[in-house]
Amino acid sequence: MENTILRMEHIYKEYPGVKALNDVAFSLRAGEIHALLGENGAGKSTLIKVLTGVESKNAGTIEMDGKEISPKRPVDAQNAGISTVYQEVNLCPDLSVAENVFIGRELRKGMRIDWKRIHEKTRELLKDFGLSINVEERLDNYSVAVQQMIAIARAVDVKAKVLILDEPTSSLSAQEVKRLFDIMRMLRERGMGIIFVTHFLDQVYEVSDRITVLRNGTYIGTYDADKLPMIELVGKMIGKDYESLEAIPKLSGDRENVEELLRIENGTTGAITDISLSIGRGEVTGFSGLLGSGRSETARLIFGADRMTSGRTVMEGKEESIRNPLDAILHDIAFCPEDRKKEGIVGDLTIRENIVIALQSKRGVLHKISRKEADEIAERLIKELAIKTPSADQKIKNLSGGNQQKVLLARWLATDPKLLILDEPTRGIDVGAKAEIQKIVVELAKKGMSCVFISSELEEMERCCSKMFVLRNKKIVGELYGEEISQSAIMRLIAGEENV
Amino acid sequence: MKTRKSLKIENISLIIACILFVCMFIAGSAVYDHFGSAATFLNLFNDNAYLIVVAVGITFVLLTGGIDISVSSVVAFTCVFSAYLLEKGWSAVIVIPLVLAVGLFNGFLIGYCVQEYRIQPFIITLASQFLLRGMCAVVSTISIPIDNAFYKEAALNKISFKFGRTNAKLYIYVFLALCIVFLAYYILKYTRFGRTVYAIGSNELSAGYMGLNVKWVKIGVYMISSFCAALGGIIFSFYTLAGYSLQNMGMELDAISSAVIGGTLLTGGVGNVLGSVVGVLIQGVIQTIVTYQNLNAWWTRVTIAALLCLFIILQRFISIRADKQKGKG
Amino acid sequence: MKKLTQKMEFKPFCVLVAIILICGVISGGDFFKITIVEGHFYGRLIDILRNGSRYAILAAGMTMALGTGGTDISVGSVMAIAGAIACSIVDGRILGGLNGNVFVAVLIALLAGALCGAWNGFMIAKLKVQPMVATMILLTAGRGIAQLIADGKIVTITSEAYYNISGGYILGLPVPMFIAVGVVILFLLLTRSTAFGIQVEAIGVNPGSSRLAGIKVERNLWIIYILCGITAALAGLIESAGIKGADCNNCGLMIEMDGILAVAIGGTSLAGGRFSIISSVIGALIVQTISTTIYAFGVAPELTRVAKAVIVIVVCLIQSQAFLTQVKKIRIGKAGKKEAPAV
């Protein structure tokens, strides 16, 4: 019971079709850095969302300093002393830096906001973070890394007892990460409790005092960091599921004898410049890198989702012009985007309509796919991919994440593509569905389809890919083949230590 | 790290608007006799005081990324309803607070439907526009003259200025409008409410995560917009001393284009009320020129619409360029 | 049978039948009386069909615009422009070389409507201006343009051929009805026998996903707003033929609300997504029936406008998930028991 400030017990949270949290417990002491770990979909983000009032729990108790709280909105959590930095920067790009730090608790002089003092205070505060920037400038004139630091500065400055950092390091450079850790230690000295969510395990060991592991929505345990070797930690995070996944037969990556399907030469869009790469037939090619490293942007470039401003696309030896998604589809390329909700599913339409929509575009608007044919295609793919649904007439938004993802996969398989690009196809779906999707990808590749596979989980990448491009700072920094692909090799490239 | 104050979108747009105003005024002065005088300039305020108030109100809504097209009907309803009540012998002391309260209530209903029931702002404000316009006609289909002593007093009181030999005058109600402008400027710049308005327009989700009271501020902006429209209506009834159910048709376009010309982004988050005032003045100049040229009054509308299109296109280009620079940097 | 009740058109159709029956009962049977004079049918129902066809034509175009999650409130002004152009040409005030050829006048008016639609499409698809704002510009400026074409006057014309657009009869039935049926059939062919309809729905639900699924979002938006412009022009021609001239001040004034009302009553979500043109046409007939009946009872037309606005708000509230949940909560609180969850 030593000075525990936050205690969560028996937390349950259910989304339609998914048990996101199943009897989860978590406690935090004052003056500790507590790492919250688990694979994607383990329930980390959901737990944070429940704690900060973004989502409401179905059952369970949350206690702060012995008093029960039930935050319904972010503001409730903040008033209770819980301050959060979310993974995606949650600030207002149109406001000034200083304002982003202070809005909601402005310094006042009488009735009015005292801008002068706010600017001064912000300058001081950011100096602690090693930032000397113009605090009156609009926020979106600064890089994502700087914005991330500003978000942390904002969170720290609130008189908070609990600070939650959700993947704060994913867009920071090594040096910036070091500075962040110094700040975290400083805050720990001041008696703040910090919840640190990350998937970089060495970072966990660098700063954390205790570790709590979640897996598949359930609580696995809480451990002292210095008494839990990393290998054991990985075991706890992956658990038994690891064995069931292991069953995927690996493709042999071959550097020489692969026929080229598609080549990008000096591809440039608004987001990335000068990317050149080649994708072989029947290979699973991985794009690895941190969030914001350019892996998704590269995929979007190939598909024409972001317009290529210069560069060449060569497909099967012929130069092709792919200016928009429809061009790509007509050239037998398919793309499952990262943001399933925003760019993937068409929520209010039925599963059948979602499945045939891309094939329809491919055939052209005048050649409507008959209801009979659509039924056949949908039935076939629902069976093939084992999509769990009562009928093809269900709205896709009523399915679970994993099944939605399978419908998207079905949508593209219906077009019979030569190249299938999957950007984070396994994010936020349960482990069973995850394994199935991985298996499908490898099997498709065996049948001669080329796949591009993007995932934040190196372990998954290692398992599926026969060739790998590693990206850092919007550049390709390395290529790995077959047996060379290992988590440590990828990590070295990501960290920028090619020569080690 | 070296930083330099970059030109903001709102500033570019505002500067262009100011230059445009000055050019048009000078051009008008060069072409027409009696145009280039202080009297003409002050008359821009006299004739458009009501529009200034309405434009200021609508700027709040636009800054959150919403829209309110019910303002013209609120103005008309305020005029007709107050004219009707005054004709019935009610005192101005009761009538004015009453119509202002009606405006506030209308804004509250709109805001509540937008925020709590997620009805798109344009549908609900369109419905409100019809409702109030219909109510105008229900009250009276013919124009009702206002014969109230207080209204007459307010309508005719003015301050005269002497500039050399010419005499220029400014009506009292203009000062009321200018007070509103000042108040709005202050609220937007120096209060949490005002800053939250910008935060919502910039990124509503973030604003919520930052613990700002998104719900009430969003309802509040519609209340402000509607309240300002009602106040604009009162000023308009000072100006015309009558209430007619079909007046100010399409005035919402004038108000919105004032804000946009003055640098407010329709997507929200960027802009300020001073720009909206410049926008109103530009429209005033256009109207004056159309009058001097003895053209069909509809030319004003068409020109304003064209100008609005021009500024929307301008904003698109500026924001596209800004995005590109960010991509490179 | 079960399939029939699940159709989107079912509910509005029932409402229409109910309203007609109620009106019939209230009016004591007068309502259903149809007489034949000189081979033409006359009666309240025929009036509804004639006057309702304008709304039906408008609603057909508007449905698709609302289906994409957009809107077109400029239709009234486009009607005024089309009327002004057609009447001015027939009158010989502009393009005198045509000698007032009615056919060419109609064609040019429709073309002008398409042009207006293309302008809206340009603003919305290319410049990404909110549909509301883009069409509002044309709403206010368009009436000005119409005034400038007609030179601020009410243009009255004398042309039997032109009158027939509104007042003529084919097989004893009014011409506007045939125009409306023609438009609806064309639109049904466009949306049902090609994939255009489903693509529009996809855009309305999720434009981002639609683009990545290979749908040409921009091109489809252009097409929809051009069609909206053409339907508005058609409605404008019928209206101006009805009053035998062009009255730019009042032609199609505030008709956008009726269009939206018809679509909303038809059950298309104003937030975009699933739409049904037939439902909207039924909605248009409901609106017209209500108007005609209220008018027949001698209620002031101003009140109709208020009533319509209230109906739109109510329909919006019923479509709002949040509102329904709130109502349900209150009901549960009162009754103290749970309702069966909706499937």
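Among contacts in chain C between residues at least 6 apart in sequence, what percentage join residues at least 24 apart? The share is 77%. Keep that in mind as we go through the views below, all taken from a predicted model.

**View 1. Chain C as a whole.** Let us start with the full chain, where the secondary structure comes to 15 helices and 6 strands. Chain C has a radius of gyration of 21 Å, close to the 20 Å from the globule rule for 343 residues, so chain C is as compact as a globular protein of that length. Its C-alpha trace spans about 75 × 55 × 35 Å along the principal axes. Of the 343 residues in chain C, 53% count as buried.

**View 2. The two domains of chain C.** Here the domain assignment splits the chain into domain 1 (7–299) and domain 2 (303–334). Measuring by eye is not needed: the C-alpha centres of these two domains of chain C lie 27 Å apart.

**View 3. Where domain 1 of chain C touches domain 2.** Moving in, you can find 11 residues of domain 1 in contact with 9 residues of domain 2. On the domain 1 side, helix 12 (255–266) and helix 13 (277–296) of chain C are the elements that give two or more residues. Helix 12 gives the most to this side, with 6 residues. Sorted by class, the domain 1 side holds 8 nonpolar, 2 polar and 1 charged residues.

**View 4. Chain C against chain B.** This view turns to the neighbouring chain: 34 residues of chain C are in contact with 34 residues of chain B. Three helices of chain C, helix 6 (131–149), helix 14 (301–319) and helix 15 (321–335), each supply at least two residues of the side that touches chain B. If you follow one helix here, make it helix 14 of chain C, which gives the most to that side, with 11 residues. The chain C side divides into 24 nonpolar, 7 polar and 3 charged residues.

**View 5. A close look at C:D47.** Our last stop is a single residue, C:D47, which lies in helix 3 (residues 44–67) of chain C. Is C:D47 buried, exposed or partly exposed? C:D47 counts as partly exposed because it has 16 C-beta neighbours inside 10 Å, whereas a buried residue would need 20 or more and an exposed one 12 or fewer. Look also for C:T289: C:D47 and C:T289 are 242 residues apart in sequence, yet their C-alpha atoms are 9.3 Å apart in space.

Notes:
Residues numbered from 1 in each chain as written. Chains lettered and ligands numbered in written order. Predicted model: local features only at pLDDT ≥ 70, side-chain atom pairs only at ≥ 80, totals over all residues. Helix = DSSP H or I, 4+ residues; strand = E, 2+ residues; numbered from the N terminus. Contact = placed C-beta atoms within 7 Å. Nonpolar A, V, L, I, M, F, W, Y, C, P; charged D, E, K, R; others polar. Domains from an automatic or database assignment. Rg over C-alpha atoms; globule rule 2.2 N^0.38 Å.
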